[in-house]
Amino acid sequence: MRKDNVIPLVSLALLACAIAYLWAISGQPRMADGGLSDDEMSWAEKVFALIVPLSTFATMFIAARRAYWNGSWFWLLACLFLWP
């Protein structure tokens, strides 16, 4: 496995963990409205909620860098503007 593939795989695993965690706590009273606000989250949940999108942006950066190295301006622009 290439060194650059580790971050996208970790990002995908974090996203899967976030989905599984939200599904696991979906029956709790604090999730009655379908989401968590700032007061309802612990500090660990806040950190986790911040790490997931940051890892997605890291994956976007890696994809854009690969497109640039390969000289594909179409994919570079697609990674930057169409992916999010």
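Phenylalanine 48 touches Leu14, Cys17 and Ala18, not counting residues up to four places away in sequence, where contact means heavy atoms within 4.5 Å. This residue lies in helix H2; helices are DSSP runs (H or I, at least four residues; for strands, E, at least two), numbered from the N terminus. Phenylalanine 48 and alanine 18 stand 30 residues apart in sequence, with 7.9 Å between their C-alpha atoms. The model is a predicted one, in which local features need pLDDT of at least 70 and side-chain atom pairs count only at pLDDT 80 or more, while totals for chains, interfaces and linings use all residues. Residues are numbered from 1 along each chain as its sequence is written, and side-chain values use heavy atoms, with hydrogens and water left out.

How exposed is phenylalanine 48? Phenylalanine 48 counts as partly exposed because its relative accessible area is 25%; buried means under 20%, exposed over 50%, and partly exposed in between (1.4 Å probe, protein chains only). One of its partners, cysteine 17, is also placed in the partly exposed class, at 44% relative accessibility. Another partner, leucine 14, belongs to helix H1 and is buried, since its relative accessible area is 19%. Leaving aside neighbours within four places in sequence, leucine 14 is in contact with Phe48, Ile51, Val52 and Ser55. An α-helix has 3.6 residues a turn, so residues three or four places apart point the same way. By contrast with these contacts, leucine 14 and serine 72 are 58 residues apart in sequence and 29 Å apart in space, C-alpha to C-alpha.

Helix H2 itself comes next. H2 covers residues 43-69, and its 27 residues should span 39 Å at 1.5 Å a residue; the end C-alpha atoms are 39 Å apart, so the two values agree. The expected span is 1.5 Å times one less than the number of residues. Which residues of H2 are buried? They are Glu45, Val52, Ser55, Thr59, Met60, Ile62, Ala64 and Ala67. The cover over these buried residues includes helix H1 (6-24) and H3. Threonine 59, for instance, sits in H2 and is classed as buried because its relative accessibility is 12%. Its contacts, apart from residues up to four places away in sequence, are Ile7, Pro8, Ser11 and Trp83. Just after H2, glycine 71 adopts a positive phi of about 75 degrees.

A charged pair also involves H2. Side chains of opposite charge can pair when their charged atoms come close. The count comes to 1 salt bridge, by the rule that a side-chain nitrogen of Lys or Arg lies within 4 Å of a carboxyl oxygen of Asp or Glu. The side chains of arginine 30 and glutamate 45 meet in a salt bridge, at 2.6 Å from N to O. This pair links distant parts of the chain, with arginine 30 in the loop between H1 and H2 and glutamate 45 in helix H2, 15 residues apart. Is each partner buried or exposed, or in between? Arginine 30 is partly exposed at 22% relative accessibility, whereas glutamate 45 is buried at 9%.

Helix H3 takes in residues 73-82, with leucine 82 among them. Leucine 80 is found in this helix too, and leucine 80 touches Met60 and Ala64, residues up to four places away in sequence not being counted. Between the C-alpha atoms of leucine 80 and phenylalanine 57 there are 9.7 Å, for a separation of 23 residues in sequence. Leucine 80 is partly exposed, as its relative accessible area is 41%, while leucine 82 is exposed, at 67%. Leu77, Leu80, Phe81 and Leu82 make a nonpolar surface patch of about 450 Å². Patches are made of residues with over 30% relative accessible area and no salt bridge, like charges being joined within 9 Å and nonpolar side chains (Val, Leu, Ile, Met, Phe, Trp, Tyr) within 5 Å. Accessible areas come from the Shrake-Rupley method with a 1.4 Å probe, and for residues only the protein chains shown count as cover.

Cysteine 79 is buried, with a relative accessible area of 11%. The count of disulfides comes to 0, a disulfide being a pair of cysteine sulfur atoms within 2.5 Å.
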